[in-house]
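Q: I would like to learn how to read a binding site, one feature at a time. Could we work through an example together?

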Amino acid sequence: MKKLVSVLLVLSLMFTLVACNSAEKATSEPEEESLKIGVTIYKFDDNFMSFVRRAVEKNAEGKAELILNDSQNDQAKQNDQVEMMLSKGVKSLAINLVDPQAAPTIIAKAKEEGTPVVFFNKEPSAEDMASYEKCWYVGTTSSESGIIQGKLIADSWKNHPEWDKNRDGKIQYVLLKGEPGHPDAEARTKYSVETVVSEGIQVDELELQTGMWDSVKAKELMDAWFAKHGDSIEFVIANNDAMALGAVNSLKAEGYFKEDKIMPVVGVDAIPDALTQIEAGTLVGSVLNDAANQGKATVDLALNVAEGKDVLDGTEWKLDDKKSVRVPYLPITNDNIQIAKDCYAE
Ligand code: BGC
Ligand code: CA
């Protein structure tokens with residue numbers, strides 16, 4: 001009898017433990033079921049994208065669980081990452097494509113699961129955007145950055161007649177292009193120069209090659225161009241700041257930026273390292289590419305669609321006819337540098 005009682009006691013104790021356990025499970029359930037959003041960055045090793053990534057992480061804090069992937073500049077890898085995230089049950093995807101042409105591949109995978117996609121920074125074609133009703137884009141109007149950069153070049157050139165070293169009235173420039181096929185790279189290359197010309201300034205293109213958005217590659221190109229053209233180069237136009245900074249490093253090694261040996265260099269992004277150079281007088285200016293707001297808009301949209309709400313619910317963003325939110329660019333020189341500092345300090 002005694003034995004039976006103790007067996008019963010043990011049993012009831014076990015039952016209580018099991019019951020407690022399952023109660024605990026029930027209360028922690030919502031946390032386990034947290035909203036998952038799948039994010040890819042085309043490569044973590046990109047100066048500008050590291051700021052966008054930070055903004056994405058910050059804005060998602062406490063609202064969603066991010067599955068964040070470094071696609072390491074490899075589209076095949078990114079495709080696998082998207083499949084993996086879909087199999088983990090993400091409620092939406094936020095995709096910074098490696099190759100802007102690969103949007104149809106990502107859309108096909110998302111479509112199968114009915115999962116919404118917010119592309120950001122690398123804009124898919126209008127046709128691809130129209131092919132899936134549950135996809136959107138967050139970025140900029142690429143041409144705007146080229147036009148603003150062109151204005152910066154023209155205004156500074158007009159203010160510094162001494163920059164025309166051979167006194168022929170034309171700008172002999174070299175241009176560091178971003179990744180070919182990237183809408184930002186194509187538009188900045190085209191519109192920066194076109195704007196200078198439309199301001200009544202004649203130009204000679206000494207060199208134009210891709211530095212793939214990268215400082216080290218840009219420095220190598222600038223080294224080679226300097227060896228070939230030397231002081232005949234009168235202006236360095238870079239599609240982004242990372243490459244502008246690479247060019248500055250090369251030029252410093254050639255004795256520029258000391259005493260009155262000046263080479264005007266302009267970039268785009270207005271990242272903190274570039275702002276330091278603008279303050280030091282080494283960079284003429286840059287164009288603010290608002291990483292903080294692009295990261296925020298990406299999360300705002302991805303969260304809304306993950307929760308089945310209207311994509312703009314509770315936000316102040318507007319969509320254009322290509323289902324895109326476009327964050328404005330802004331010219332940055334020493335005069336208004338604080339705006340860019342505040343943006344990147346967030
Ligand atoms: C930025 C570049 C960056 C690229 C990445 C552009 O908008 O200006 O700095 O490398 O996006 O896709
Ligand atoms: Ca000249």
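**Reading a ligand site**

A: Let us begin with the empty space in the protein: in this predicted model, the largest cavity is the space taken by ligand 1.

Q: Which residues are around ligand 1?

A: A site can be read from its list of neighbours, and here the residues around ligand 1 include Tyr-42, Phe-48, Lys-122, His-182, Asp-184 and Trp-213. Sorted by kind, the shell divides into three nonpolar, four polar and five charged residues.

Q: Which side chains have an N or O atom at 2.5 Å or 2.8 Å from an oxygen atom of ligand 1?

A: A polar contact is a pair of N or O atoms within 3.5 Å, and the side chain of Asn-121 places such an atom 2.5 Å from a ligand 1 oxygen, while for the side chain of Arg-188 the distance is 2.8 Å. Asn-240 also has a polar side-chain atom 2.9 Å from an oxygen of ligand 1. As for cover, ligand 1 on its own has 310 Å² of accessible area, and the protein covers 99% of this.

Q: Where does ligand 1 lie with respect to domain 1 and domain 2?

A: The protein is divided into domain 1 (36–140 + 290–327) and domain 2 (143–288). Ligand 1 lies between them because both domains give residues to its shell.

Q: How many residues of domain 1 and domain 2 are in contact?

A: On the side of domain 1 there are 13 residues in contact with twelve residues of domain 2, and the centres of the two domains, taken over C-alpha atoms, are separated by 31 Å.

Key
Residues numbered from 1 in each chain as written. Chains lettered and ligands numbered in written order. Predicted model: local features only at pLDDT ≥ 70, side-chain atom pairs only at ≥ 80, totals over all residues. Heavy atoms only, no water. Near = heavy atom within 4 Å. Polar contact = N/O pair within 3.5 Å; in protein donor to acceptor, adjacent residues only side chain to side chain. Areas by Shrake-Rupley, 256 points an atom, 1.4 Å probe, with all protein chains shown as cover. 1 Å grid on protein atoms, 1.4 Å probe; cavity = no way out; pocket = protein on both sides within 12 Å on 5 of 7 lines; lining within 4 Å. Sits in = over half its atoms within 2 Å of the grid points. Nonpolar A, V, L, I, M, F, W, Y, C, P; charged D, E, K, R; others polar. Domains from an automatic or database assignment. Contact = heavy atoms within 4.5 Å.
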